[in-house]
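Please work through the following exercises with the sequence and the structure at hand. Each task is followed by a solution in steps.

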Amino acid sequence: MSFSIIGKSIAESVTLKLNETAAILRAKGEPVIHLGIGEPKSKAPLDAITAAASLLNTGDIRYTPADGIPALKQAIIRFTVDHYGRVVAPENVIASGGAKQSIMVALQAILDPQDEVIFPAPYWVSYPEMVKLCGAVPVPVHPEDGTFYPRLQDIEQVCGSYTKAIIINSPNNPTGVIYSEQFIAEIVEFCEKRGIYLIMDDIYNRLAFGGRKPANCYKYLKSGINDSKLILINGVSKQYAMTGFRIGWAVANKKLIEVMTNIQSHQTSGPSVVLQAAAVGAINGIQSSVESLRTTLENNTKVMMEQLHAFTGLRVTKPDGAFYCFVDFSNYNKNSTQLALFLLEKVRVITVPGVEFGLDGYLRLSTCGSIKDITQGIERIKWAIDPNSPNELYIGERKLTRDWL
Ligand SMILES: Cc1ncc(COP(=O)(O)O)c(C=O)c1O
């Protein structure tokens, strides 16, 4: 059988695969703890449900404009004013089937084969594959100082004549760190000066801890939106716990939005009208669920950090937001895939290998589960790899005896 060169070059989504593995094991009655999952457990806001339900009840469910229904565009415009202080026009907005599709369509609109796209490592697993899907070249940048905080000079070093775009994600998946105000100011200015597209993936923007507010990229933009190459990405998945609704959006200059709309119109058409209605409900509705999710995540992160600090040999960086801890397990195993598989096999804990995010030796642990998931999950991991822990562990009724350390 023959497949395309691009098709063959694309890896499967490890995070989605892990969700499937967890579901299969659970269905078999296995006591799985899922510390890999990148989605909050809370319910979608009531306003989202009622908006979608009332539309469904009409039975009048049709195609929508390829770039989204006017009501959703208006809601996104309001969102952009509320959270970024920037007034944009409907022509500056496209709604897609998740932020993932907005990013993909943006990349398809701007990239030619051999163009390069830079993003700091560790990075969200989909960036390299999305760039490759366009026939372009992903260029991950590892901060030279070994931290999770990129500096402009790290990016400048790999930026050349093929560089078409830079992707920045803060709060960051997988590290949870928030890049400094100064870095965002510098990168906006740098891209503007060099005429490079800047994709700001702000999907975790409202999930910041300790009173922090992630930098607002528009604050540093000198040109007007229609003269700029800044693309702002957001969506309902994370902030409203609406991952299954698949609505995300991009805000950018109107010419780019037009090209993105043309692409999306042939790819999937507009997102489902029912789900767009739900997104309108969430964005225009009562916002208390966002704060409630944010505080839960902050608390869960605190508990996870306490557990991890009690675990000798690990290196942990405190997350400033989002719902992940990205932990250096290299003292125990430098091969993160091997370690993740080992933990799944021995103690039924799902983690995501750091190598998928461009940094081996690390595991991404999610704080989306319950406090019980977090404490028991870390306890099981500790038991499996730390020779100082007792030889036996109970998982429910099941007694495990460690014979591998
Ligand atoms: C950094 C980042 N960007 C974008 C997305 C995609 O979000 P959506 O569910 O809206 O497609 C995710 C989801 O995991 C993410 O972590």
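**Exercise 1: A residue and its core**

Task: Determine which residues are in contact with Leu 198, leaving aside its neighbours within four places in sequence.

Solution. The model is a predicted one. With those neighbours set aside, Leu 198 is in contact with Ile 166, Ile 168, Ile 187, Val 188, Cys 191, Lys 229, Leu 230 and Ile 231. Next, consider the largest nonpolar core, which has 116 residues; Leu 198 and Ile 231 are those with the most contacts inside it. Helix α5 (residues 99-110) supplies the largest share of this core, eight residues. Finally, the core lies between domain 1 (5-43 + 288-401) and domain 2 (46-284), because both give residues to it.

**Exercise 2: Helix α12**

Task: Compare the expected span of helix α12 (residues 336-347) with the distance between its end C-alpha atoms, and locate its buried residues.

Solution. At 1.5 Å a residue, the 12 residues of α12 should span 16 Å, and the end C-alpha atoms are 16 Å apart, which agrees. The buried residues of the helix are Ser 336, Leu 339, Ala 340, Leu 343 and Val 347. They cover an arc of only 100° around the axis, so they are on the same side of α12. In general, residues three or four places apart in an α-helix point the same way, because there are 3.6 residues a turn. The buried residues of α12 pack against β11 (349-350), β12 (352-353), β13 (362-366) and α13 (371-385). After the helix comes Arg 348, with a positive phi near 60°.

How values were computed:
Residues are numbered from 1 along each chain as its sequence is written. This is a predicted model: local features need pLDDT of at least 70, side-chain atom pairs count only at pLDDT 80 or more; totals for chains, interfaces and linings use all residues. A nonpolar core is a set of buried Ala, Val, Leu, Ile, Met, Phe, Trp, Tyr and Cys residues joined through C-beta atoms within 7 Å. A residue is buried if 20 or more other C-beta atoms lie within 10 Å of its own, exposed if 12 or fewer, and partly exposed in between; C-beta atoms are placed from the backbone. Helices (H or I, at least four residues) and strands (E, at least two) are DSSP runs, numbered from the N terminus. Domain bounds come from an automatic or database domain assignment. Two residues are in contact if their C-beta atoms, placed from the backbone, lie within 7 Å. The expected span of a helix is 1.5 Å times one less than its number of residues. The arc is that of the directions from the helix axis to the C-beta atoms.
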